[in-house]
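Subject: Structure for you to look through

Hello,

Here is the structure I said I would pass on. Please open it and keep it beside you while you read the notes below.

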Amino acid sequence: MSRKIRMGMVGGGRGAFIGAIHRHAAGLDGQVELVCGAFHIDPEISVASGKDFYLPEDRCYRTYHEMFEKEAKLPADKRMDFVTIVTPNFVHFEPAKLALENGYHVVCEKPLSFSLDEALQLEALVKKTGLTFAVTHTYTGYPMVKQAREMIKEGVFGKIRKVVVEYPQGWLSTPLEQSGNQQASWRTDPKRSGKAGAVGDIGTHAENLAETITGLKITELCADVSRMVSGRLLDDDANILLRFDNGAKGVLHCSQIAAGEENALNIRVYGEKGGLEWHQMEPNTMLVKWLDKPTQVYRVGGDRAYMGAVAQANTRTPAGHPEGYLEAFGNIYKNFAKTVQARIDGKKPDPVNLDFPTVEDGVRGMKFIDAVIESGDAGAKWVKLN
C-alpha cells in the first residue's frame, strides 16, 4: 500500500488516559495516521483536543455523529479508513455500530460494550459487513504471550490440567470515586460502566489472557463477588473457580482493592509434562517448568532462536532491550493495520497479521461478565458460560 491508513477517534481528548496510549501505539510502526476525531462529550473540549493534536479545524468534530456525517462527504482519498473508540463503556456501542453501518473498520476498547445484547449486535454487524474489528485486550500483544500460546498449541506440555490467572490492582482501595477522580468515577458507576466494576475492567483481561494462551474455553464458573469499599456501587474484588472445555480446572482472581499492587496481571498454566509462568510487570521473561528437568528462563529478543515465528514477528529489538506495554499495544495496531491495508488493496491478509483480539473475543468477555455477576448474585453458584 502506498499510504498510511487513516484513523478517526471517538473519545481520548483532554483529561483522558487511554486515548494517548492508543495514539502512541497506533503510530509506533508508521502504519497509521490520525486524521480526525470527536474527542470529548463536551463539544468545545472535543474541538480544542483536536487542535492539541494539530488536526485541521474542519476535522475536529464536536460530536461523533457530526464526524460520521461529514467524513462520509469527503473524497475517498481523504476520509478516515477506521475508527478507534476509547470512551467509557456506555459509549462503545453506538459509535461502533455507526462505524460499521457506514463502512468503517473499528478498534474498540474493552469491555466491548455496556451489555451482552449490544455485543451480540456488533458481532452480527461485523459478520454482515465483513469489516475488520479489533478489541484492545492489550496483553495479548506481548511477544511472550504469543510464545506461550504457541508452545501450548504445539503440545509441549501435554494436556493442560490447571490454569491460575490473577489481576490484582490497589488503586481503588479507598473511595476514590468520591474525590472527583475521572477514571474512578465512571468505572464505579453502573450507569456508565455496566453491571460490573473490577470484573469488567480487569477481570475480562484475565479471562481473555487465559483463553488466548491455552486455546481453551471456559465452560462453567463459580464466583464470589464483593464490594469491599463501603458505599461502592459495583464490585471491586472477585474470586472465581473455572472449568474449561478440555476438563482442566482453573482459578481467576481480580481485585482493585489489593492495596499496594499496581498492574500485577500474571498467569500460570500446568500440563501433564510441565508448565509456564508469566508476569505482565516483567513481560520479557517467562518461566518454563518441567516435571523432570530444571526450570528454563525464556527471554524476549529478535535474535533468540528458541522464540517461535509468531513471537518473533511481534518483537522489535534484540535481547536485552525491554519491550513493554506500548509495544504490546502497538502489536495490536500493527496487525490490525496490515489486515485493513490488505483488505483495502483487495488482497487476502497474511495469517500472521490476523493475530489480534476480535469482536468474538469481546463477546466472550461480555458473556464472562454476565456469568460472573449471575453467579455472585446467587451466592457463588455454578453458572454455564456458553
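The largest cavity has a volume of about 60 Å³. A cavity here is a set of points on a 1 Å grid over the protein atoms alone where a 1.4 Å probe fits but cannot get out. The grid points are joined across faces, edges and corners, and the volume is the space filled by probe spheres set on the points. Two cavities of 30 Å³ or more were counted by this rule. Residues that line the largest cavity include Asn89, Phe114, Lys195, Met366 and Ile369; a lining residue has an atom within 4 Å of a point.

The model is predicted, so local features need pLDDT of at least 70 and side-chain atom pairs count only at pLDDT 80 or more, while totals for chains, interfaces and linings use all residues. Residues are numbered from 1 along each chain as its sequence is written, and side-chain values use heavy atoms, with hydrogens and water left out.

Next, the sheets. Five strands make an open sheet with parallel pairing, in the order β2-β1-β3-β4-β5. Strands (E, at least two residues) and helices (H or I, at least four) are DSSP runs numbered from the N terminus, and two strands pair if DSSP finds at least two bridges between them. At the edges of this sheet are β2 and β5 (133–135), each paired on one side only. Its neighbouring strands are turned by 20° against each other on average, direction ignored. β3 and β4 (residues 105–108) run parallel and are joined by four bridges; Thr84 has Val107 in β4 as its bridge partner.

Two helices lie across this sheet. Helix α1 (residues 18–27) crosses β1, β2, β3 and β4 at about 175° to β1. Helix α3 crosses β1, β2 and β3, at about 120° to β2. For such angles, axes are lines fitted to C-alpha atoms, for helices over the stretch in contact, and the angles run from 0 to 180 degrees between N-to-C directions. Contact means heavy atoms within 4.5 Å.

Which residues of α3 (residues 64–72) are buried? They are Tyr64, Glu66, Met67, Phe68 and Glu71, where buried means under 20% relative accessible area, exposed over 50% and partly exposed in between (1.4 Å probe, protein chains only). These buried residues pack against β1 (5–10), β2 (32–38), β3 (82–85) and α4 (93–101).

Lys97 lies in helix α4. Lys97 counts as partly exposed because its relative accessible area is 26%. Leaving aside neighbours within four places in sequence, Lys97 is in contact with Leu122 and Leu125.

There is also an open sheet of nine strands with mixed pairing, in the order β13-β12-β11-β10-β6-β9-β8-β7-β14. Its edge strands are β13 (296–299) and β14 (382–384), each pairing on one side only. The twist from one strand to the next averages 15°. Strand β12 (residues 285–290) runs antiparallel to β13, with four bridges between them, and Leu287 stands opposite Val297 in β13. Helix α9 packs on this sheet, and its direction makes about 150° with that of β9.

Asp201 lies in α9 (residues 198–214). Is Asp201 buried or exposed? Asp201 counts as buried because its relative accessibility is 13%. The side chains of Asp201 and Gln256 are joined by a polar contact of 2.9 Å. A polar contact is a pair of N or O atoms within 3.5 Å; within protein, one must be able to donate a hydrogen and the other to accept it, and residues adjacent in sequence count only if both atoms are side-chain atoms.

Regards

Conventions:
On a 1 Å grid over the protein atoms alone, a cavity is a set of points where a 1.4 Å probe fits but cannot get out, and a pocket is an open set with protein on both sides within 12 Å along at least five of seven lines; lining residues have an atom within 4 Å of a point.
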